[in-house]
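Biologist: Here is the model I would like to go through. Let us take the sheet, then the pockets.

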Amino acid sequence: MQIICFEDDYVQRLSPITLARPAYQVTCASLRLIGWLQRLAEVDKKRKLNVVVRPYLQAIQQLDFGLTPPSGEIDSGGVLLVNARLVPRVGLENALRQFAAADQSTVVIDAEDDAVLLARILAKDLNPAATAATSAPLIERLLTKAQGLPAAEISLDVLRWPHDVISWHMREMPDAMNWRLANGEYSETADGVFVRPGAEIGDYHSVNTDDGPILLDENVKVGPFCFLAGPVYAGPGTRVIEHAALKDGVALGHTVKIGGEVEASVIEPYTNKQHHGFLGHSYLGSWINLGAGTCNSDLKNTYGKINIEYGDNKIPTDMQFLGCIMGDYSKTAINTSIFTGKVIGVCSMLYGFATSNVPSFVNYARLFGQTAALPADVMINTQARMFARRKVQQRDCDKQLILDMHEQTAAEREAVDQYGL
């Protein structure tokens, strides 16, 4: 059987968090959809995992993760189609296994936008002659076939907008931590504190595990005088700076440097927030650096529900707490303040106050009247310096990703009247 995880047209609504990565690589409550699919493939070596992503992301997916597009033919085991926007919650694994083992073709269609979320198509229900008669891409033919299948009586959750990641993260952290404990080789060093080899916690720390455990993966280093309130997960090689406070559901990717106060947030690998300052109910992509004193607001002065803007769309989130969403490679200067529910694009530099959404590839200093477009070559040079600091080799595909993201976000910078570029 072939497992094909595909991005549909609605993945564009998840920008900026999916500009530098496919939707299946987005972290939510420390888990990723691709992780569940890899586990599914490992159960049976006859299952082959392929992905269908936007063309400019293919090279990195193949080089870094060995994930390639499907060939033009489906094997005798049929196919399992998985939408890359599915929420990677713990309960999803059982649904994937049930569909993989199904003895009849079936599908789950999103009631809101008619997108195929999950489909099992048996080989006997595929018509090779009809398939060969059209020049349409394989994934389009499979999705067309899936639309006509009997509906499965199952409910699946899907990411529609970037803030959904934060909402699901807060709900799913307890289950995700319990799953990690049940499936990982952790040692309990104190009540509710679990570590893997090489993890260290400095002197004079304080922990509270009443609402969830503290999980420190391999080689995590926690400095002295830190406060950790679960659920908290720190990925391999992460460093928690002295006097840091992590609380109420924090998930850190690998090789992160984190300091100050962080609450209910997701931070992808290789991002730095080393200094004092508050980050709450937020999502940060990879290779971000927050300058000392950078703070965000995650609560309106009225204590009301937060609306968030994505381009021309103003979306009610039904969330009282919502901080910022920041795309990969963006940076803030010292003492930058980010207002409630703001969206920061990729590869931008922020100074002063971010009172509105920030497009990708801009120097944003509206407080000083100095907002300007940021050339792609500046970010390529910055990328090289950042990679060198983490002993990561900059490749042609990494530089090309910056150029592709610059092209993908050109429309954001055409709002001359709004941003004064």
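**Sheet, helices and pockets**

Modeller: Bear in mind that this is a predicted model. Helix H3 (residues 92-100) lies across S3, S4 and S5.

Biologist: At about how many degrees does H3 run to S5?

Modeller: H3 spans residues 92-100 and crosses three strands, S3, S4 and S5. Its angle to S5 is about 35 degrees.

Biologist: And what angle does the direction of helix H5 make with that of S5?

Modeller: H5 (residues 138-147) packs on the sheet. It touches S1, S2, S3, S4 and S5. Its direction and that of S5 make an angle of about 90 degrees.

Biologist: Which strands are the edges of this sheet?

Modeller: The sheet is open, with five strands and mixed pairing. Its order is S2-S1-S3-S5-S4. An edge strand pairs on one side only, and that picks out S2 (48-52) and S4 (106-109).

Biologist: Which residue in S5 is the bridge partner of Val-79?

Modeller: S3 (residues 79-83) and S5 (residues 116-121) pair in the antiparallel sense, over four bridges. Val-79 has as its bridge partner in S5 Ile-121.

Biologist: Which element gives the largest share of the lining of the largest pocket?

Modeller: That pocket has a volume of about 1300 Å³. Its lining has 46 residues, with Gln-25, Arg-32, Phe-65, His-254 and Pro-269 nearest the centre. Six residues, the largest share, come from H1.

Biologist: How many charged residues line the second largest pocket?

Modeller: Its volume is about 910 Å³. S25 gives the largest share of the lining, five residues. The lining divides into 12 nonpolar, 14 polar and, for charged residues, eight.

Terms used:
Residues numbered from 1 in each chain as written. Predicted model: local features only at pLDDT ≥ 70, side-chain atom pairs only at ≥ 80, totals over all residues. Heavy atoms only, no water. Pairing = 2+ DSSP bridges. Helix = DSSP H or I, 4+ residues; strand = E, 2+ residues; numbered from the N terminus. Contact = heavy atoms within 4.5 Å. Axes fitted to C-alpha atoms, helices over the stretch in contact; angles between N-to-C directions. 1 Å grid on protein atoms, 1.4 Å probe; cavity = no way out; pocket = protein on both sides within 12 Å on 5 of 7 lines; lining within 4 Å. Points joined across faces, edges and corners; volume = space filled by probe spheres on them. Nonpolar A, V, L, I, M, F, W, Y, C, P; charged D, E, K, R; others polar.
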